[in-house]
Amino acid sequence: MKNNIEHNRIFKNEKIASRIIERQAFIVTPLDSTLHLLNEVGTRIWQLIEEKKNIEKIIEHICAEYDMDRLTIERDVREFIQILEKKGIVEIKKSA
Amino acid sequence: MNIFEKFIFLTEKRNIPFTVNFELTHRCNLRCIHCYLDNAKTQKFRKNAKNYELTTDEIKNILDQLADAGSLWLVFTGGEIFLRKDLFAIAEYARKKSFLLTIFTNATLIDSKGALRLADLALYQVQISLYGARPETHDYVTRIKGSFARTLQAVKLLKKLKIKVVLKTPLMKENFPEYKEIIHLNEKLETNWQMDPWITPKNDGDQTPLALRTLPGQMGEFFSNEKFFPKEEFTTGEKKRFICSAGKNLVAISPYGDVYPCLMWLVKVGNLRGEEFLQIWQNSPELNSVRKIKFENLKICKSCNLVPYCVRCPGLADLEDGDALGSSRIACRTAEIIRERVKCSPR
């Protein structure tokens with residue numbers, strides 16, 4: 001079944017440590033003490049997650065800020081957020 | 001270059017204060033024989049020290065500034081930080097600001113309730129001082145009877161809650177004979193551990209603690225042990241190790257708001273009660289001088305053939321002989337021992 005995350009809320013895992021330095025997000029996950037580095041677009045998505053934007057809003061922002069077709073952006077953003085979830089960096093919760 | 005190396009390179013190059021060693025108090029409930037803070041002159045002051053320490057709000061404000069400056073790894077140290085009644089308020093705020101938080105403590109004041117609150121903080125590490133494998137040795141060093149039992153009890157509580165614990169042992173003449181037992185105790189407790197033989201002078205320059213340093217034979221034994229001897233690191237030793245991160249991507253803050261390049265290098269570069277952090281970090285003439293130090297500026301070390309075996313600390317050189325650009329006696333002694341071991345070890 002397709003994981004429909006559009007209507008779900010994305011939360012930063014409160015247990016992580018993170019900082020944006022020179023437009024790059026550095027994130028440490030607590031369980032494995034691993035340092036993750038996000039690229040420019042990943043960092044922008046991370047900022048939007050920190051601003052508590054849902055996936056629709058994130059896609060809107062990325063479409064407005066980067067010169068790429070919407071379909072690619074939608075696919076990439078969803079995949080990226082699922083990777084973040086898998087690594088324990090974000091939690092995806094169903095909207096009430 | 002892996003991500004961590006990239007991060008270190010970037011923060012050093014751009015002078016981003018990635019690591020902050022923040023002393024929350026100089027007060028302590030132990031009286032360790034080797035302590036670099038404790039002495040007769042300061043004891044009277046320390047009894048009233050909390051009146052002069054940064055307040056909760058001042059610390060929160062500093063944490064805001066540090067987060068904005070790009071600091072990520074924050075170490076709360078003391079004294080004994082659990083003597084501060086606002087410790088959890090400060091630590092919770094630090095985590096809310098997304099710092100990677102490590103605490104240094106003797107753990108004697110951590111009870112089950114405190115351990116649970118620490119577990120909620122998702123700390124990077126809790127580093128705890130352990131001075132012996134036996135109560136009589138540890139309590140001899142701390143000069144407080146029962147401290148060993150209390151520390152160990154806390155370690156067990158933290159381990160049960162899956163908190164990452166590192167037990168740190170400064171080796172000296174008195175506890176050296178049981179260092180193998182200390183390792184065994186760590187293995188039994190399933191804790192990570194660190195040991196080093198670098199006892200330092202007191203912060204006020206008092207050299208008394210140096211009499212506690214391990215004997216030459218003990219140092220030789222220590223560095224002949226495979227568990228300590230960083231063979232690969234030293235056989236490819238380069239002079240780059242001489243220039244440390246102090247003042248480049250590392251900064252230290254005292255309980256009174258004083259800012260230093262490092263807790264070992266006590267050149268006061270400003271005070272956070274009167275100035276903003278970035279104002280000090282970016283404009284301090286002392287910090288800018290520290291950042292410009294090159295290997296060629298090190299008076300004795302630049303022509304020393306022990307360089308490939310040496311881990312020199314400028315702060316320690318300053319504390320030992322009043323010259324951060326000079327050599328450090330303990331570093332020279334250690335390098336000589338390491339060179340002998342490298343020569344003797346099979347390739």
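These exercises, each with a worked solution, deal with a predicted model.

## Exercise 1: The layout of chain A

Task: State how many helices and strands chain A has, and give their order.

Solution.
- Step 1. Count the elements. Chain A has three helices and five strands.
- Step 2. Read from the N terminus. The elements run β-β-β-β-α-α-α-β.

## Exercise 2: The overall form of chain A

Task: Decide whether the radius of gyration of chain A agrees with that of a compact globule.

Solution.
- Step 1. Find the expected value. For 96 residues, a compact globule would have a radius of gyration near 12 Å.
- Step 2. Compare. Chain A has 13 Å, which agrees.
- Step 3. Look at the box. Along the principal axes, the C-alpha atoms of chain A fill roughly 35 × 35 × 20 Å.
- Step 4. Look inside. Buried means under 20% relative accessible area. Of the 96 residues in chain A, 44% are buried.
- Step 5. Look at the surface. Chain A exposes about 5700 Å², and carbon and sulfur atoms supply 50% of this area.
- Step 6. Check the contacts. Take those in chain A between residues at least 6 apart in sequence: 50% of them join residues at least 24 apart.

## Exercise 3: A sheet and a helix from the other chain

Task: Work out the strand order of the open sheet in chain A, then say which helix of chain B lies across β2, β3 and β4.

Solution.
- Step 1. Order the strands. Three strands of chain A form the open sheet, in the order β2-β3-β4, with antiparallel pairing.
- Step 2. Find the edges. These are β2 and β4 (34-37) of chain A, since each pairs on one side only.
- Step 3. Note the turn. Neighbouring strands of this sheet are turned by 20 degrees against each other on average, direction ignored.
- Step 4. Zoom in on one pair. Five bridges join β2(A) to β3(A). Ala17(A) stands opposite Val28(A) in β3(A).
- Step 5. Add chain B. Its helix α1 (residues 3-13) lies across β2, β3 and β4 of chain A. The helix runs at about 70 degrees to β4(A).

## Exercise 4: Backbone exceptions

Task: Find where the backbone departs from this rule: most residues other than glycine have a negative phi, and most peptide bonds are trans.

Solution.
- Step 1. Take Glu22(A). Its phi is near 50 degrees, a positive value, and the residue is not glycine.
- Step 2. Place Glu22(A). It is found in the loop between β2 (17-21) and β3 (24-29) of chain A. Its relative accessible area is 38%, so Glu22(A) is partly exposed.
- Step 3. Take Arg143(B). This residue is not a glycine either, yet its phi is positive, about 60 degrees.
- Step 4. Place Arg143(B). It lies in the loop between α6 (135-142) and α7 (147-160) of chain B. With a relative accessible area of 49%, Arg143(B) is partly exposed.
- Step 5. Turn to the peptide bonds. A cis bond joins Gly78(B) and Gly79(B), with omega about 15 degrees.
- Step 6. Place Gly79(B). It lies in the loop between β2 (73-77) and α4 (87-96) of chain B.

## Exercise 5: Charged pairs

Task: Describe the salt bridges of Glu50(A), Arg273(B) and Arg329(B), and say how exposed the partners are.

Solution.
- Step 1. Recall the principle. Side chains of opposite charge can pair when their charged atoms come close.
- Step 2. Get the total. A search of the whole structure finds 21 salt bridges over all chains.
- Step 3. Take Glu50(A). It pairs with Lys12(A), and the closest N and O atoms are 3.3 Å apart. Glu50(A) lies in helix α1 (residues 40-50) and Lys12(A) in strand β1 (residues 8-12) of chain A, so the pair ties together parts that are 38 residues apart in sequence.
- Step 4. Check exposure. Glu50(A) is partly exposed at 33%, whereas Lys12(A) is buried at 17%.
- Step 5. Take Arg273(B). Its side chain meets that of Glu58(B) at 3.0 Å, N to O. Arg273(B) sits in the loop between β9 (270-271) and α11 (277-283), and Glu58(B) in helix α3 (residues 56-69) of chain B, 215 residues apart.
- Step 6. Check exposure again. Arg273(B) is partly exposed at 41%, and Glu58(B) is partly exposed at 27%.
- Step 7. Take Arg329(B). It forms a salt bridge with Asp321(B), at 3.2 Å from N to O. Arg329(B) is partly exposed at 41%, and Asp321(B) is partly exposed at 47%.
- Step 8. Look for a network. Salt bridges that share partners join Glu56(A), Arg70(A), Glu74(A) and Arg78(A) into one.

Terms used:
Residues are numbered from 1 along each chain as its sequence is written. Chains are lettered from A and ligands numbered from 1 in the order in which they are written. This is a predicted model: local features need pLDDT of at least 70, side-chain atom pairs count only at pLDDT 80 or more; totals for chains, interfaces and linings use all residues. Side-chain values use heavy atoms; hydrogens and water are left out. Helices (H or I, at least four residues) and strands (E, at least two) are DSSP runs, numbered from the N terminus. Buried means under 20% relative accessible area, exposed over 50%, partly exposed in between (1.4 Å probe, protein chains only). Two strands pair if DSSP finds at least two bridges between them. Axes are lines fitted to C-alpha atoms, for helices over the stretch in contact, and angles run from 0 to 180 degrees between N-to-C directions. Contact means heavy atoms within 4.5 Å. A salt bridge is a side-chain nitrogen of Lys or Arg within 4 Å of a carboxyl oxygen of Asp or Glu. The radius of gyration is taken over C-alpha atoms; the globule rule is 2.2 Å times the number of residues to the power 0.38. Accessible areas come from the Shrake-Rupley method with a 1.4 Å probe; for residues, only the protein chains shown count as cover.
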